[in-house]
Amino acid sequence: MNSKAIKFKVNLKKRSYPISIGSDLSQNLSALLMNLPSKNAFVVSDRALKNLRSQFIKGLKKAKWNVAEIPVGAGEGLKDFKTTHEIYGKLLKLGAHRDSVLFALGGGSVGDAAGFVASTYLRGITWVGVPTTLLAQVDSSVGGKTAINHSQGKNLIGTFYQPAAVICDVTYLSSLSRREIISGLGEALKYGLIYDPQFFKFIKLNWNRLLAKETKGLEQVVQKSLQWKSKVVSQDEFDNKGRREFLNFGHTFGHALEKITDYKKFQHGEAIIWGMRYALALSQVKGVISTQEYEEIDSFLAGISLPPLPKNISAQKISKLMSKDKKIRGGRLHFVLLKKMGRPISASNVTAKNIRDAFLNLKARS
Ligand SMILES: NC(=O)c1ccc[n+]([C@@H]2O[C@H](COP(=O)([O-])OP(=O)(O)OC[C@H]3O[C@@H](n4cnc5c(N)ncnc54)[C@H](O)[C@@H]3O)[C@@H](O)[C@H]2O)c1
Ligand SMILES: [Zn+2]
């Protein structure tokens with residue numbers, strides 16, 4: 001089976017690129033990989049994904065590409081200097097030139113690290129994202145943010161470097177765990193809450209179907225999410241015009257939660273669901289959202305199975321961490337709050353008491 005791919009473009013003038021979404025896309029890669037500088041592929045891939053990798057490489061060969069493989073470990077640990085140094089070394093040894101094409105096949109961590117390598121190897125070579133987790137398909141594969149970690153913090157070393165194409169094959173998602181699906185759906189719910197109430201309702205109504213990894217439903221979720229993401233990226237490629245700000249909904253608290261648990265307890269999207277519940281609680285504390293709207297949204301989010309909030313985190317500890325967030329402008333912490341579904345606002349008048357009250361309210365509901 002090779003269903004037709006849904007295709008659309010991220011509009012960035014000279015740096016525009018196509019996104020293809022569908023099932024069994026490896027069968028017909030030549031239709032999805034056009035206008036690239038050569039047919040020399042260097043596939044940086046998650047070592048654990050043996051079947052996926054061989055399926056994709058078979059597809060590339062069928063489309064008459066020369067293929068060299070660079071398997072790497074997976075997860076956050078690969079986003080470091082040691083692994084990137086190894087990837088540069090392999091590219092050099094295997095003879096990757098300026099017109100070679102690097103493929104990043106894996107979750108968001110492979111995409112972030114391989115994208116970073118592509119942006120710096122020989123001052124930048126073409127790269128293609130082939131995301132294999134739902135989180136990477138709905139979010140991280142589009143937008144051109146690449147990054148590795150430094151011992152002093154996550155994603156501190158990176159570039160803006162757009163891929164030349166993104167291929168989202170939802171059949172790749174069939175081997176993901178339930179937690180990884182929930183994590184991806186967390187980011188998708190975010191687009192619904194900030195931009196698109198209908199999309200939020202769609203996910204809510206189809207929740208069990210999506211957890212069962214029903215292909216058509218996942219395709220719809222990836223398509224809608226990336227349409228929103230690419231629209232915003234087109235308006236603010238370098239994240240300096242404020243248009244990407246609302247995409248941070250739930251992320252101030254979510255990042256603090258990930259940090260406090262040493263990135264071990266929560267998948268990114270799981271922490272973001274907690275973060276959105278926090279942002280909603282804060283919206284209520286500030287009197288921004290109606291009680292009815294708050295209850296309607298939060299009762300759904302509260303029903304999602306997530307690792308619980310750690311017992312030992314205090315309001316004080318989490319506030320301190322949040323105040324170190326990247327989203328501080330002019331000495332003030334900015335929070336994205338929700339007036340109602342589809343109506344986010346940026347608030348800079350949040351007091352320490354508001355921050356604590358929202359946390360205590362959330363804790364009482366968890
Ligand atoms: N660049 C961006 O805009 C952006 C946005 C959001 C997140 N991120 C980054 O993305 C990373 C998280 O990405 P992630 O959630 O995809 O996690 P991940 O890349 O760490 O992968 C999670 C796990 O899933 C496994 N996996 C991947 N594909 C699979 C498949 N098809 N079947 C079974 N297992 C599979 C991996 O082996 C790994 O163990 C973080 O480093 C985060 O900083 C980047
Ligand atoms: Zn996120």
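These legends walk through several close-up views of a predicted model.

**View 1. Ligand 1 sits among 24 surrounding residues.** Start with the residues that come closest to ligand 1: D46, E76, S109, T133 and S175. What kinds of residues make up the shell around ligand 1? The shell divides into six nonpolar, nine polar and nine charged residues. Three elements, α3 (108-120), α4 (134-140) and β8 (153-160), each supply at least two residues of this shell.

**View 2. Polar side chains reach atoms of ligand 1.** Look for D46, where a polar side-chain atom lies 2.6 Å from an oxygen atom of ligand 1. At E76, an N or O atom of the side chain is 2.7 Å from an oxygen atom of the ligand. T132 meets a nitrogen atom instead: a polar atom of its side chain lies 2.7 Å from that nitrogen of ligand 1. How much of ligand 1 does the protein cover? On its own, ligand 1 has 870 Å² of accessible area, and the protein covers 83% of it.

**View 3. Three residues of the protein hold donors of the zinc ion, ligand 2.** Which atoms are they? E187 offers an OE atom, while H251 and H268 each offer NE2. These donors lie 1.8 to 2.1 Å from the zinc ion. If you follow the chain, the donor residues have the spacing E-x63-H-x16-H. E187 belongs to helix α5 (residues 178-195) and H251 to helix α9 (residues 251-260), so this pair ties together parts that are 64 residues apart in sequence. Are E187 and H251 buried or exposed? E187 is buried, because its relative accessible area of 0% is under the 20% cut-off. H251 is buried too, with a relative accessibility of 6%.

**View 4. Helix α5, the home of E187, is mostly covered.** Of the 18 residues in α5, 15 are buried. Now try a little arithmetic check on the helix: at 1.5 Å a residue, its 18 residues should span 26 Å. The end C-alpha atoms of α5 are 26 Å apart, which agrees.

**View 5. Helix α3, which supplies residues to the shell around ligand 1, is largely enclosed.** Buried residues make up 11 of the 13 in α3, so the helix is largely enclosed by the rest of the structure. Among these buried residues are S109, V110, D112, F116 and V117. One of them, S109, is also among the residues closest to ligand 1. From its first C-alpha to its last, α3 reaches 18 Å, close to the 18 Å expected at 1.5 Å a residue. Just past the end of the helix, find L122, which takes a positive phi of about 50°.

**View 6. Helix α10 (residues 268-285) is another largely enclosed helix.** Here 15 of the 18 residues are buried, so the rest of the structure largely encloses α10. What span should this helix have at 1.5 Å a residue? The expected value is 26 Å, and the 25 Å between its end C-alpha atoms agrees. Just after α10 comes G287, with a positive phi of about 70°.

**View 7. D298 and R277 are joined through their side chains.** The polar contact between them is 2.8 Å. You will find D298 in helix α11 (residues 291-302). D298 counts as buried because its relative accessibility, 1%, is under 20%.

**View 8. Two loop residues, N35 and K64, have a positive phi although neither is a glycine.** N35 is found in the loop between β2 (17-22) and β3 (40-46), and its phi is about 55°. K64 is placed in the loop between α1 (50-62) and β4 (66-72), with a phi of about 70°. Is each one buried or exposed? N35 is exposed, with a relative accessible area of 80%, and K64 is exposed as well, at 65%.

**View 9. T215 lies in helix α8 (residues 215-235).** At 31% relative accessibility, T215 counts as partly exposed. How far is T215 from R15, 200 residues away along the chain? Their C-alpha atoms are separated by 30 Å.

Conventions. Residues numbered from 1 in each chain as written. Chains lettered and ligands numbered in written order. Heavy atoms only, no water. Near = heavy atom within 4 Å. Polar contact = N/O pair within 3.5 Å; in protein donor to acceptor, adjacent residues only side chain to side chain. Areas by Shrake-Rupley, 256 points an atom, 1.4 Å probe, with all protein chains shown as cover. Helix = DSSP H or I, 4+ residues; strand = E, 2+ residues; numbered from the N terminus. Nonpolar A, V, L, I, M, F, W, Y, C, P; charged D, E, K, R; others polar. Donors = N, O, S within 2.8 Å, 3.2 Å for Na, K, Ca; no water. Buried < 20%, exposed > 50% of the residue type's maximum accessible area, 1.4 Å probe, protein only. Expected span 1.5 Å × (residues − 1).
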